[in-house]
Amino acid sequence: MPPKLRGSLQRSLRRVQNSASDLPCPSCATFRRALSTRRSANISDGNRQSSSWAASPRPSTTSSVIHSGRQVPPRLRELYEALGQVQNVATEQVNLSRLQLALRGLESEVPLIRVAVLGLDDANSARRLVRLLLADPLTPRETWEDALDAYEADTSRGLLIRYGDVSESIPNNLLPTISVPSSILKKGNLEILVSSLGADTEMPEAHFTAETFLVPTVTIQTSHSGRHNVVRYPVHRAIVCGRGVDGLLAYSNLVARSDLKKETGSVYGAIELTASDPEKHNDRIAFVDIDQADEALAKLRESVQNASLYERGWNGSGVQPVVDWLASLRADKDILDPSLRSLITSLVDAAETGVDAEQAKRAQEQQEGSVSDLVRGTMDRSVTEWAEKAHSELRSSLEEGFASKQWKDLAWWKLFWHVDDVGMITSEILEKKYLRRAEKEVIWTAGKFQQAGLLDEFLLETKQIAAPQADTEKSKDEASADAVDSQSPPTNDVPWPTQIPTSRNQLLETKVPSLQAMAQGLVAFSITTTSLSSVLSALTYISFPSTSIYETCTMAAVGLIYSIRRQQRKWDSAREFWENEVREDGRTALIETEDQLRTIVHEGGRRVNQASETHARETVERAKKALEDVK
């Protein structure tokens, strides 16, 4: 690197005090908390047995345990809460480890940015490139460089590099970690994960996502027995290193089969391959010569007089564009970090896509589980046939009942000796002639609905809606609700419309007793009026001897005629009114039954939409709005 970019940095750099600098992998945060006590003891032992290149024991403040109670900046609080809600409603649609990484980034104005340097199939090129990126050309070779070159452990475990005042390793950390006093790490508040990425091409038709590069897997040690556990370690950016033409083809193949969407700028390729200067790098890939860069670095460290050779060798190696790409990750103050914004945008888009896919899936399942239109048309025609037959039955059966001998026995002039039979005769007409066949046929029709699959979902939805209403009404007036229940049969326990029996019971319990009471009142009035007029006529005849019997009987005749005429007029009107009322109640019951049957035909057999889908979409939209509002 040219002196103007690296020469101003001194070795005695202080560690960044941002709490986010010790951010562990969210996937293993719980496990690390469980092992915090044991790890503390291990670190103490490790400090006594530290490696020879460590400058000093690692301070205890570098514990990777996640601390709770961190304060979120006010301008980021709304976005932080919105992302937390997305985590609750879209658990299956987003990568939870990346979401936790985004939430941790929002807990600070200067978030820690993770960069993964992934070597294709092996991490050798990645380690060499990282050493060149972080090395200070104006200082002698440091101990961490030797340790990085000598690191030959299982590459699947990965190696984490953080900024530190001094160079040291943490041998007892679950993920091997070293601290490096590098200006790039300090200025950008970066940490680098060195690992490998498989470039197997045996499945040419396989497709990948951005998580292939941005959520690498590492192996952590879970016990002292040597057992390991593979976890995901999410990062904000990734540099993929390859060697030669094979590495270029492998990287191109991976990128071509990957759907990076809006995270195209988060993945950068560094291929160790000789290329001409005009085609040496662009915003997606850079061709580097690690050997040339290493040689140029060694020349400058030998003597400052080799600065021109260093500059030519360094610029010709192609490593500087990779350094510039790393330096561009940090944004200005009071502006949301571009890497963090890209991560959050990707998460919100993934949640929105997942919610859309889930809604489409549920709609497809609803369509497949619903009754076909052909069946609904058949059931609708059966309802029409039932309605026609029921109205015909209502007309013919009631006419037959009202023309029967029992009903004629209730003529006004026979009312004196049949007044006690009014309730029995009218109840018998209602029991035998009031829509008996229509009631049986509606049960049969409901059975066909049940067989066609129209009734189950409709009844389930009806009960879910009616249950809260019933509880509210009962809590308001339990006595009134109990009285109503005692007067009408239960309607929630039968899977068919019950308007017809309910209407019949209402007539039997309200209309029949009123007609009975009216008949008794008319007979009592006629007898009383006739008796009083007869007594008055007799008293007049006795009190006035000169009055003839024909004159005095006129009063009794007037009372008798008035009472009989009144009884005839009122009783005939009451019978006619009662007949019309029974017919009207029957038509109303049939219309309500038909409406309910048609509602079942049109709405039954359809799955109830889940309110959670609407809530999930609203939550995602709220997160998008909060992200747009943050600068």
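1. **Leu 435 and the end of H18.** In this predicted model, the residue to look at just after H18 is Leu 435, which takes a positive phi of about 55°. Leu 435 is not a glycine. Most residues other than glycine have a negative phi. Leu 435 sits in the loop between H18 and helix H19 (436–452). Its relative accessibility is 0%, so Leu 435 counts as buried, the cut-off being under 20%.

2. **Length of H18.** Helix H18 covers residues 422–433, twelve residues in total. At 1.5 Å a residue, the expected span is 16 Å. The end C-alpha atoms are 16 Å apart, so the model agrees with the expectation.

3. **Packing of H18.** The buried residues of H18 are Val 422, Gly 423, Ile 425, Thr 426, Ile 429 and Leu 430. An α-helix has 3.6 residues a turn, so residues three or four places apart point the same way. What covers the buried residues of H18? The cover includes helices H15 (373–402), H16 (405–408) and H17 (415–418). Helices H22 (499–543) and H23 (549–603) are also part of this cover.

4. **Asn 189, another positive phi.** Asn 189 has a positive phi of about 50° and is not a glycine. Asn 189 is found in the loop between helix H8 (183–188) and strand S5 (190–197). Is Asn 189 buried or exposed? Asn 189 has a relative accessible area of 4%, so it is buried.

5. **Ser 382 in H15.** Helix H15, named above as part of the cover of H18, also holds Ser 382. Ser 382 is buried, with a relative accessible area of 9%. Beyond residues up to four places away in sequence, Ser 382 touches Thr 445, Lys 448 and Phe 449. A further pair to check is Ser 382 and Leu 597. These two are 215 residues apart in sequence, and their C-alpha atoms are 9.9 Å apart in space.

6. **Val 115 in S1.** Val 115 lies in strand S1 (residues 113–120). Relative accessibility here is 1%, so Val 115 counts as buried. Which residues does Val 115 touch, leaving out those up to four places away in sequence? They are Leu 190, Glu 191, Ile 192, Leu 193, Val 235, Arg 237, Ile 239, Leu 326 and Leu 329. For one of these, Leu 193, the C-alpha separation from Val 115 is 6.2 Å, across 78 residues of sequence.

7. **Val 230 in S8.** Here is another valine in a strand. Val 230 belongs to S8 (residues 228–232). The relative accessible area of Val 230 is 55%, so this valine is exposed, the cut-off being over 50%. Outside residues up to four places away in sequence, Val 230 touches Thr 217, Val 218 and Thr 219. The C-alpha atoms of Val 230 and Val 218 are 5.7 Å apart, and the two residues are twelve apart along the chain.

8. **Helix H6.** H6 (residues 124–134) is mostly covered, with nine of its eleven residues buried. The buried set includes two arginines, Arg 127 and Arg 131. Ser 125, Ala 126, Leu 129 and Val 130 are also buried in H6. So are Leu 132, Leu 133 and Leu 134.

9. **Second largest pocket.** The volume of the second largest pocket is about 360 Å³. How many residues line the second largest pocket? There are 17, and those nearest the centre are Thr 209, Glu 211, Lys 261, Ser 346 and Ala 350. The lining divides into five nonpolar, five polar and seven charged residues. Helix H14 (residues 338–369) supplies the largest share of the lining, five residues.

10. **Cysteines.** The structure holds zero disulfides. Two cysteines can be described by accessibility. Cys 241 is buried, at a relative accessible area of 3%. Cys 553, at 40% relative accessibility, counts as partly exposed.

11. **Whole chain.** The protein chain has 24 helices and twelve strands. Of its 631 residues, 46% count as buried. Consider contacts between residues at least 6 apart in sequence: 78% of them join residues at least 24 apart.

How values were computed: Residues numbered from 1 in each chain as written. Predicted model: local features only at pLDDT ≥ 70, side-chain atom pairs only at ≥ 80, totals over all residues. Heavy atoms only, no water. Helix = DSSP H or I, 4+ residues; strand = E, 2+ residues; numbered from the N terminus. Buried < 20%, exposed > 50% of the residue type's maximum accessible area, 1.4 Å probe, protein only. Contact = heavy atoms within 4.5 Å. 1 Å grid on protein atoms, 1.4 Å probe; cavity = no way out; pocket = protein on both sides within 12 Å on 5 of 7 lines; lining within 4 Å. Points joined across faces, edges and corners; volume = space filled by probe spheres on them. Nonpolar A, V, L, I, M, F, W, Y, C, P; charged D, E, K, R; others polar. Disulfide = S-S within 2.5 Å. Expected span 1.5 Å × (residues − 1).
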